[in-house]
Amino acid sequence: MSDRRSELADFLRGRRTRAAPLPGGGFTGRRRRTPGLRREELAQLAGLSVDWYTRLEQGRDVNPSRETLEAIARVLKLDEDERGHLFYLARPEPAGGTARSSARQERAEPAMARALEAMRVPALVFSPRFDVLAWNGAACRLLVDFGDVPSRKRNLLWMTFHHAGYRARYADIGVIEREAVAAFRFSASSYVGDPELDALIAELLETSEPFRALWARHEVRAKVSGIKAFRVEGRGAGGGPLVLEWHTLASTTSSRQKLVYYTTRSAGGPEDERRLAALCEDAG
């Protein structure tokens, strides 16, 4: 994510190559050598000049209008999250750049900290860069003791691929990896060009083959709730994975911090409630 234009270019290329190709060789009738739509096909379908679209996809200095972005999104059949990601990346950088706080200096907002303190279920606060800023004892019992993780590694994306204890808590780490990368890409798009974020991504690209493969897919998802299956220990272990719902509360301030908490499923039963209650009690 070195800069917004190159990230936009990578996103467009990735979505174009995954789009359904036109039948019969497309407009030219030429044999296809690459998957998806050709640049000239996308440009024609969106009502754009091939030269202009090529410059956009090359990360050059062009500023697409809202109407142009709508046309590109329509041709590529982008979903709501992907469309939002496209519009964000295509916005010109504000004059003077965007103020960013250092990940090492950021703290949980007071309002987020108070909400976390009131939670009686596993919960934690994290930044748009996925840095874990605060947590409760139940979250440590469900996932990992975040206090034992070095602050520079206390990042949900890094832990998803490199922290053995954290990875072991999930019943299907492959699903978690894919969801984490897609959610991170959406959340961290406002930090394109941030040195600490670039360093995190560079490290993961160098050290994790699963991350490299998922990062190249350019998937984006703005999920705010879902279901995850956990392997738990102690009195809440029971038999088999503990399946919980997770929900997100988002800050309305510029920090864009989020609080995620875990509860039993609406379709769950008394046994799930007992196991979660036992886990929370063990956390003190």
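Hi everyone, let me start with one residue: Phe 126 is buried, with a relative accessible area of 10%. Buried here means under 20% relative accessible area, exposed means over 50%, and partly exposed is in between, with a 1.4 Å probe and protein chains only. Before going on, a word on what we are looking at. This is a predicted model, where local features need pLDDT of at least 70, side-chain atom pairs count only at pLDDT 80 or more, and totals for chains, interfaces and linings use all residues. Residues are numbered from 1 along each chain as its sequence is written, and side-chain values use heavy atoms, with hydrogens and water left out.

So, where does Phe 126 sit? Strand β1 covers residues 123-126 and pairs with strand β5, residues 258-264, in the antiparallel sense over four bridges. Across in β5, the bridge partner of Phe 126 is Lys 258. Helices (H or I, at least four residues) and strands (E, at least two) are DSSP runs, numbered from the N terminus, and two strands pair if DSSP finds at least two bridges between them.

Let's widen the view to the sheet. Five strands make an open sheet in the order β2-β1-β5-β4-β3, with antiparallel pairing. Which strands stand at the edges? They are β2 (132-135) and β3 (225-230), and each has a single partner strand, so one side of each is left without a neighbour in the sheet. On average, neighbouring strands of this sheet are turned by 30° against each other, direction ignored. For that angle, axes are lines fitted to C-alpha atoms, for helices over the stretch in contact, and angles run from 0 to 180 degrees between N-to-C directions.

Moving along the sheet, β4 and β5 pair over seven bridges in the antiparallel sense, and there Thr 248 stands opposite Val 260 in β5. On the other side of β4 (residues 242-250), the antiparallel pairing with β3 runs over six bridges. Two of the facing residues are worth pointing out: Gly 226 stands opposite Trp 246 in β4, while Lys 228 has Leu 244 as its bridge partner. In a regular strand the side chains alternate between the two faces of the sheet. In β3, the covered face holds Gly 226, Lys 228 and Phe 230, and the uncovered one Ser 225, Ile 227 and Ala 229.

Now to the rings. How many aromatic pairs does a search of the whole structure find? The search finds nine. One of them joins Phe 126 and Phe 130, edge-to-face, at 5.4 Å centre to centre with 80° between the planes. Rings of Phe, Tyr and Trp (its six-membered ring) pair if their centres lie within 6.5 Å; planes under 30 degrees apart count as stacked, over 60 as edge-to-face and the rest as tilted. Phe 130 is buried too, at 8% relative accessibility. Another pair is Trp 135 with Phe 146: the ring centres are 5.7 Å apart and the planes are at 45°, so the pair is tilted. Trp 135 lies in strand β2 and Phe 146 in the loop between α7 (137-142) and α8 (156-162), so this pair ties together parts that are 11 residues apart in sequence. Is Trp 135 buried or partly exposed? Trp 135 is partly exposed at 26%, whereas Phe 146 is buried at 0%.

Back to Phe 126: together with Phe 130, Phe 161, Phe 184, Phe 211 and Trp 215, Phe 126 forms one aromatic cluster. Rings meet charges as well. The charged end of Lys 228 sits over the ring of Trp 246, 5.3 Å from its centre; the rule is that NZ of Lys or CZ of Arg is within 6 Å of the ring centre and within 35 degrees of the ring normal.

Last stop, the empty space. There is one cavity of 30 Å³ or more, and about 380 Å³ of space lies in the largest cavity. On a 1 Å grid over the protein atoms alone, a cavity is a set of points where a 1.4 Å probe fits but cannot get out, and lining residues have an atom within 4 Å of a point. Grid points are joined across faces, edges and corners, and a volume is the space filled by probe spheres set on the points. The largest cavity has 22 lining residues, and Phe 126, Phe 130, Ala 183, Lys 228 and Trp 246 lie nearest its centre. Helix α10 gives the most to this lining, with six residues. Thanks for listening!

Terms used
1 Å grid on protein atoms, 1.4 Å probe; cavity = no way out; pocket = protein on both sides within 12 Å on 5 of 7 lines; lining within 4 Å.
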